[in-house]
Amino acid sequence: MKFLILKTLLLRKRKDEGFTLPIVIAIGLVMVLLSAVNLVQSGEENLNALSQQGSSDALAAAEIGIARYRNLLNNNRVLTVYNLDTWTNAWVTGQACDSISSTGGGWADNSATGWRNITVAGNTIGSYRIDDYIYDNDDNLGSNNNNDIDLVSDANNDIDGDGESDARGLLTVRGKDVAATEDGSITQIQVEIPLGVNTQDLVDLNPAIWIVQNDHTAVPSITNFGTVDVNGANVVLYQPSGEGDCIDPPDLGGENTISDSRNLPPLATIPNPTGLTKKNTLNSNITLDPHYNSGELLLGTLSDVQNTSEGSHVGDDRYYFEYTGDLNLDNEDIITDGTARVIIYVSGNLTISNAVNITNSSNAATSRFLEIHVGGNVTINGSGNVNIKGLIHAPGGTVTMSGNGNVNVTGSIFANDWNNTRTGTIIVNADDYTFYSITPNRTPAPLTFRPSGWQTQEAD
Amino acid sequence: MLKTIITLKNTKNKSFDRGFITIEILIAIFIAFGFLAVSLQTLVLAMVFQVGAQKEQRADQLIQEEIEALNDLGSTLNFGANTADACDGNLDLDGGGTNNDGYGQGLWNELIEDDPLIAATSTTNSSTTTILGRTLTIEGTQVAIPAGASPTPHRILGVSYQVTEPDVDGDGNAEVIANRYVEVIPDEALECP
């Protein structure tokens, strides 16, 4: 029996011929199959890694887009309170310094052709484009809230009762891991950008010298700024608005230089209240003025206000004086008492020659107590020191300094242009008088704060 | 027993199968060898893919960690400088005596100062990690933002990250596993006029 079983198992019959080969092939195929499965799995893992890198690259591109649009919103703050579909309207672009709608800018283009390349060292590493921006101040994205914001108090933009501003912008940006014209991974991010009142705006602006130049068409280019020491404040240069480029202001001898898109405050207007003396006209030759004495013209004393027409108090704590024509001061001083607020309006040019003091009799008083508004140019020439404690405001004229001698200004100088060739030390020490803050159109644009609620969304 | 088996085989198959088994086995061996070679190659290839994928995933993870740290630093950065002075870009944040650093440069300076693993230079910033016996090096390089893209006070910081491993193909250059570029604005920079 045992022999029979062995015979059955081991004897090779005709029908079993080639049995080894099929078995080897079968086992080999199984091995290949298992290896192929392993390979496919590894390949998928590799593809997943590549895909993950593609998604991460697209996410990084979208985050770059968010950073760049935050920069755009900061440079053009008018955009923060308008929905994307109004960004190309003239009243919006007219208040922006970047090219929002033009071919070169196209920041508002959220169409399929609106992708903007990200280029690093000459290589395009990805692209991004805006998908939407919605301004909201009532927690209702369906309502149109364009430009509906109180720029004075955060509490006035509060809807949940916590006293904080609830105004916000919802910015949605798409990122792509390839160039604008190619197909690749796309990631979409939405962030919520809180908006609030800019309480520090006018403090930070802090202009000691403010120049507009060029009929408001370009950032001023000042050939002769000269050696000027500006302390505790900025040199502010006008930044034109409307379809241009937000560019750096020129470096002016290392002084703090910033740009601002708001125009200079307008010239003072003489109030004309009924029943009061309309204005105080001074003789263009101040030596003939009855208040001129020993080289000084004393303005704004309370006794003068009460007893003479000169220096009339018009009801708002200021004393207005008007010079018709040019005012020339040559070794002569104009002094105020440091208590009354004196506003002098010169319709023509103001020329200061040789040693002149335009100041007040109180050392503690700031330039708040003396403003000189000039319709024409301001010229400082000759020899000798010039001391000014006050505001010189010549929005349409040029400040020209020549000759020699020191010029010490405690206050500010605002003008259309600046030309300084004077030999001597010129110092502008700003004080705390923010004249520009009480004039129209000084309202600061809202600030944008740290984005929150980052959401990765499906890009349809 | 064995003798019996050999006897049986020799007697029964003598007329039909003499010499065929040897050829068949030889062919089978060759085929098996072929299959084995293909399978092993496939396994090696699969292993290469797997290791590569793991390195890429780890590289991606390393870069993401750096980006998150950079974003976090950008949110919490406080120069403590007078805002009016800071806003004109005249900050000497790198101590180099040049007053034109701005917020982007300030963020970079903070970054290379904060990271304890770093042998920092003025423009690069690197650290290493090991995965599957290979040392991965992540390096961040400050990228100059084009003029006009970030006007004064230079708010945007651009950083290009690169993860590499030591030279594998013998060309003397480290192998690049992943690249990524990011831009960050310090939140404090947006408080300027």
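**View 1. Confidence extremes in chain A of the predicted model.** Confidence in chain A bottoms out in helix H5 (residues 302–307), where the mean is 40. The opposite extreme is strand S19 (residues 378–381) of chain A, at 96. Two stretches of chain A deserve a close look. One covers residues 273–278, with pLDDT below 50. Beyond near neighbours in sequence, the model gives residues 273–278 eight contacts. The other covers residues 302–316, where pLDDT stays under 50. For residues 302–316 the model has 29 contacts beyond four places in sequence. For chain A as a whole, the mean pLDDT is 80. Of the residues of chain A, 80% reach 70 or more.

**View 2. The annotated transmembrane region of chain A.** An unreviewed UniProt entry places this feature at residues 21–40 of chain A. In the model, residues 21–40 of chain A are 100% helix and 0% strand. The C-alpha atoms at the two ends of this segment are 28 Å apart.

**View 3. The annotated transmembrane region of chain B.** Here the unreviewed UniProt entry gives residues 21–49 of chain B. Helix accounts for 100% of residues 21–49 of chain B, and strand for 0%. From end to end, the C-alpha atoms of this segment are 41 Å apart.

**View 4. The largest nonpolar core, with members from chains A and B.** This core holds 65 residues. Those touching the most other members are Ala62(A), Ile66(A), Leu79(A) and Val173(A) from chain A, with Ile63(B), Val163(B) and Val182(B) from chain B. Helix H2 (residues 20–75) of chain A supplies the largest share of the core, eleven residues. A second, separate core has 57 residues. Among them are Ala233(A), Tyr320(A), Met401(A) and Val407(A).

**View 5. The surroundings of Val173(A).** Neighbours within four places in sequence are left aside here. Val173(A) is then in contact with Ala62(A), Gly65(A), Ile66(A) and Tyr69(A). Its other contacts are Tyr128(A), Ile130(A), Asp131(A) and Ile189(A). Two of these partners, Ala62(A) and Ile66(A), are listed with Val173(A) among the core residues that touch the most other members.

**View 6. The fold of chain B.** Chain B has four helices and four strands. Along the sequence they run α-α-α-α-β-β-β-β. Of its 193 residues, 36% count as buried. Take the contacts in chain B between residues at least 6 apart in sequence: 56% of them join residues at least 24 apart.

Technical notes. Residues are numbered from 1 along each chain as its sequence is written. Chains are lettered from A and ligands numbered from 1 in the order in which they are written. This is a predicted model: local features need pLDDT of at least 70, side-chain atom pairs count only at pLDDT 80 or more; totals for chains, interfaces and linings use all residues. UniProt positions are given in the numbering used here, feature names are shortened, and annotations may be inferred rather than shown by experiment. A nonpolar core is a set of buried Ala, Val, Leu, Ile, Met, Phe, Trp, Tyr and Cys residues joined through C-beta atoms within 7 Å. A residue is buried if 20 or more other C-beta atoms lie within 10 Å of its own, exposed if 12 or fewer, and partly exposed in between; C-beta atoms are placed from the backbone. Two residues are in contact if their C-beta atoms, placed from the backbone, lie within 7 Å. pLDDT is the predictor's confidence in each residue, from 0 to 100.
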